[in-house]
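Subject: Structure handover

Hello,

Here is the structure I said I would pass on. My notes on what was found in it follow below.

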Amino acid sequence: GLSVGFTLGRKPEPRRSERVVLVTGAAGFIGFHAAKQLAEGWGVERVVGIDSFNEYYDVQLKKDRASYLLRIGVEVYRGDVCDGEVLQHLFAKYNFTDVVHMAAQAGVRYSLEDPQAYVSANYECFISLLDSIQKYPAYLVYASSSSVYGKRATVPFSSEEPLKAPGNLYAASKIMNEHLASAYCSQHDLHSIGLRFFTVYGPWGRPDMAAYKFAECIVTGMPVPLFEAGPGEQLKRDFTYIDDIVSGVLSALERTPERCGEAYNLGFGEPLIVEDMLHYLEKELATTAVIDRQPLPPSDMILTFADITISRNVLGFSPKTPTAEGIHRFVKWFRDYYEDRVQWEKKGRSSSRNARLE
Ligand code: NAD
């Protein structure tokens, strides 16, 4: 017979306090917040992080996120998810119940510059992780992306709709993640949920993304690069606040998948004109931006817009943070972090901080 809490062929469902969770990409933006919330808010038995601290963007920002995690009791390892031996060591040591896989090569435009980074991080490393999970069974929640919908998807984007042509290599690599997860489920009974994140922003955010990049340009007086979609069309993104994303990730951890290849949208559900995001930032930073209008790169979508009906029903997902509030919290962090550390480093030691100390 079946014991309570176990369904044939399904993952066991340990209580929160018994969970041992591996977070990959823990020094990254979303991985950091997920690990933090698992350790602080959820109080799982143990959170272990791994990150390669690659140089795609500001490594010091990754180190600062990792230091924060270490202070709250998360064990963070420097290591590559592609390295089978490293994974073998970690899985054998900790016997994870769950894996939150956020390590990847993110970014759409960079996929034109360095395609191999996407093949390696998003394809090869994902398989290497799946192989470890197959040997040491754990439940997997992994990052997909709104990019999988491409330019020809029906609006709003529904996870029920079959995917159309991917618009760039990054999107293709995320679609491949979903296919691989589904294949490992069919072949090896490995259960997982993919989460299609929509343009995430918030404190500790990525310097290559709009909120941080715009804020940086505003405070340094540099022109803000703003992509123009075309005559009469405005670029829109379904900007989603990090805390809402993390609560979706945690809900996914509590779900028992019912079929192979489950993937859901995590988005705010309301597209915002990107230029309006800039206006929120100008207001919070009390500075007017100089705008440098540029044509939209062909790899980019004009609009992203999440249909979150299914995520609401299946995961209980309900994003709560209005953009004005989200940007307010982002700028509060940005002022401390950027103006204190980055600007100070750029100017050199002779400038503001020393002046203030003297
Ligand atoms: P991020 O770049 O901040 O985090 C990824 C982390 O993974 C980085 O710290 C990087 O050093 C690490 N990493 C990369 N390759 C690795 C490897 N082989 N081994 C170990 N660590 C490795 O990105 P993020 O914004 O936190 O994104 C997390 C996930 O969510 C990614 O899969 C990304 O594609 C996806 N996503 C993000 C957004 C968004 O708006 N931020 C939107 C859609 C999808």
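Helices and strands here are DSSP runs, numbered from the N terminus. With those labels, Arg255 can be placed in the loop between H8 and E11. I come back to that residue at the end.

Please keep in mind that this is a predicted model. The mean pLDDT of the chain is 92, and 94% of its residues reach 70 or more. Two stretches fall below 50. One is residues 1-9, which has 7 contacts in the model beyond near neighbours in sequence. The other is residues 350-358, where the pLDDT stays under 50 and the model has 8 contacts beyond four places in sequence. Among the elements, helix H12 (residues 352-357) has the lowest mean pLDDT, at 39, while strand E10 (residues 240-241) has the highest, at 99.

On the chain as a whole: it contains 12 helices and 13 strands. The C-alpha trace spans about 70 × 55 × 35 Å along its principal axes. The radius of gyration is 20 Å, which agrees with the value near 21 Å for a compact globule of 358 residues. Buried residues make up 52% of the 358. Of the contacts with a separation of 6 or more, 82% are between residues 24 or more positions apart.

The sheet comes next. Seven strands form an open sheet with parallel pairing, in the order E3-E2-E1-E4-E5-E6-E11. Its edges are strand E3 (75-78) and strand E11 (262-266), each of which pairs on one side only. From one strand to the next the twist averages 20°. At the E11 end, strand E6 (residues 192-197) runs parallel to E11 and is joined to it by 5 bridges. One pairing to look up there is Ile193, whose bridge partner in E11 is Glu262. Helix H8 (residues 242-253) packs on this sheet and touches strand E4 (98-101), strand E5 (139-145), E6 and E11. The direction of H8 makes about 165° with that of E6.

Helix H1 (residues 29-42) is worth a look as well. This helix has 14 residues and reaches 19 Å from its first C-alpha to its last, close to the 20 Å expected at 1.5 Å a residue. Its buried residues are Phe29, Ile30, Gly31, Phe32, His33, Ala34, Ala35, Leu38 and Trp42. An α-helix has 3.6 residues a turn, so residues three or four places apart point the same way. After H1 comes Gly43, with a positive phi near 60°.

Two loop residues remain. Ser147 is found in the loop between E5 and helix H6 (169-188). Is Ser147 buried or exposed? Ser147 has a relative accessible area of 9%, so it counts as buried. Beyond its neighbours within four places in sequence, Ser147 is in contact with Val108, Tyr170, Ala171 and Met301.

Arg255, in the loop between H8 and E11, has 13% relative accessibility and therefore counts as buried; the cut-off is under 20%. Arg255 and Val141 are 114 residues apart in sequence, yet their C-alpha atoms are 9.9 Å apart in space.

Regards

Technical notes:
Residues are numbered from 1 along each chain as its sequence is written. This is a predicted model: local features need pLDDT of at least 70, side-chain atom pairs count only at pLDDT 80 or more; totals for chains, interfaces and linings use all residues. Side-chain values use heavy atoms; hydrogens and water are left out. pLDDT is the predictor's confidence in each residue, from 0 to 100. Helices (H or I, at least four residues) and strands (E, at least two) are DSSP runs, numbered from the N terminus. Contact means heavy atoms within 4.5 Å. The expected span of a helix is 1.5 Å times one less than its number of residues. Buried means under 20% relative accessible area, exposed over 50%, partly exposed in between (1.4 Å probe, protein chains only). Two strands pair if DSSP finds at least two bridges between them. Axes are lines fitted to C-alpha atoms, for helices over the stretch in contact, and angles run from 0 to 180 degrees between N-to-C directions. The radius of gyration is taken over C-alpha atoms; the globule rule is 2.2 Å times the number of residues to the power 0.38.
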